[in-house]
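Subject: Structure handover

Hello,

Here is the structure I said I would pass on. My notes on what was found in it follow below.

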Amino acid sequence: MPQAFKSIRDAKDLKGKRVLLRLDLNVPVIGDEVRDDFRIRRSLPTVEFLKKAGAKTIVISHIENDLTDSLSRVATYIAKTVEIKAFVAKFEDAKTVVDNMREGDVIVMENLRKHPGEKENDPVFAGRLASLADIYVNDAFAVSHRDHASIVSLPRLLPSYAGLLLSEEVEGLSAAFNPPRPFLFIIGGIKFDTKLPLIEKFLDIADYVFVGGALANDIYKEKGYETGRSVVAPSRINLKHVEMSPKLIVPSDVVVASAIETAVRSPDQIGLDEKVVDAGPRTISEISDLLSDVKFVVWNGPLGDYPKGFAEGTESLALALIESGVKTVLGGGDTIAVVSKLNLLDRFSFVSTGGGAMIEFLAKGTLTGIEALKQQ
Ligand code: 3PG
């Protein structure tokens, strides 16, 4: 599909050029160990491309999760595949390190978010980063929905290109805007308030919209059902138009947990002290039946509270999708975590590295970081 930004493949002569490569290396690291390398693996082709072209590659990224705020372990992990000349722990040392780089060298800088200027989109911070390089490459699709210095300001300061992953994401996800039909859109997880525009958009575009996970609880509320202690949006949202849509599908049975037991219930039978934690088996079998009629699926968000052990609905849905052979685009950190544990990621047509970014791209058709690249 036509893209109005330049790909790094279009850059003329990269030999000896200093390239600031923005990646999203925000991955779980426990102790010394990288727990999930999906984003790293998807980022490496651009690093290897630049290295092969003789560029001097300066990798920049954020990492912000409960487990660590340093990229040092991630740099060590990358070094198993691509030689890393240096890990630059202190920004002040970057210039000297870069001055000593040779063609084909790759260095990794410490977490950008250790500098308040990154999230504040401070032009001075962006200027300091830009002064290190000749070219900027954005290959950080998963954070390109953020107005951060390294995402939206750098492209104004340097000749800029999209990395290989960013281009793949745009192409893979854009398939949802002109889908083979019938098209089933599946959305799960939490936060109906933030996902409402996306659900409204896909009630327009898709033939079926299956709303699962905690999102379905808000629909049950709209229907007037008791939802007990289930997770619902913090304030009441008017969902009549969603609930009334003939395209909408919600789980027809749910797994509930209380202090005493776990049980499968019809959604209109949820007890006051019960919490919906997963979709039930009838729901999965109904979706499996529907798949025989469907040509294309986009899926973001788990069906159950998998960190608490309620992964069965999500896992069964993943298996049903694979068995059906239907072309499926998958994304969202939690969904990927479940499917990756089953070692099934490569059985899907396209897997997005984006969480919030995938949702925003699907809702708006673009991201702030992509728009910044287009203004080159
Ligand atoms: C993500 O994990 O979704 C991206 O790395 C963006 O992270 P953020 O939500 O902390 O901006």
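Helices and strands here are DSSP runs, numbered from the N terminus, with at least four residues for a helix and at least two for a strand. In those terms, P182 sits in the loop that runs between α7 and β9 (183-187). The peptide bond leading from R181 into P182 is cis, and its omega is near -5°. Please keep in mind that this is a predicted model.

Another loop has a backbone detail to note. N121 is found between α4 (116-119) and α5 (123-130), in the loop there. N121 is not a glycine, yet its phi is positive, near 50°.

Next, the helix packing. Helix α7 covers residues 164-174 and packs with helix α14, residues 356-364, at an angle of about 55°. The axes of the two helices are 10 Å apart. Angles from 35 to 65 degrees are neither roughly parallel nor roughly perpendicular, so α7 and α14 count as oblique to each other. The crossing of α7 past α14 is right-handed.

Last, the ligand. Which residues are around the ligand? They are D24, N26, R39, H62, R113, A142, V143 and R146. Sorted by class, this shell holds four charged, two polar and two nonpolar residues.

Three of these residues place a polar side-chain atom by a ligand oxygen, as follows:

- H62: a polar side-chain atom is 2.9 Å from an oxygen atom of the ligand.
- R39: an N or O atom of the side chain is 3.0 Å from a ligand oxygen atom.
- N26: a polar side-chain atom lies 3.1 Å from an oxygen atom of the ligand.

The ligand exposes 310 Å² when taken alone, and the protein buries 78% of that.

Regards

Terms used: Residues numbered from 1 in each chain as written. Predicted model: local features only at pLDDT ≥ 70, side-chain atom pairs only at ≥ 80, totals over all residues. Heavy atoms only, no water. Near = heavy atom within 4 Å. Polar contact = N/O pair within 3.5 Å; in protein donor to acceptor, adjacent residues only side chain to side chain. Areas by Shrake-Rupley, 256 points an atom, 1.4 Å probe, with all protein chains shown as cover. Nonpolar A, V, L, I, M, F, W, Y, C, P; charged D, E, K, R; others polar. Axes fitted to C-alpha atoms, helices over the stretch in contact; angles between N-to-C directions. Parallel < 35°, antiparallel > 145°, perpendicular 65-115°, else oblique. Left-handed = near helix turned anticlockwise from the far one by under 90°.
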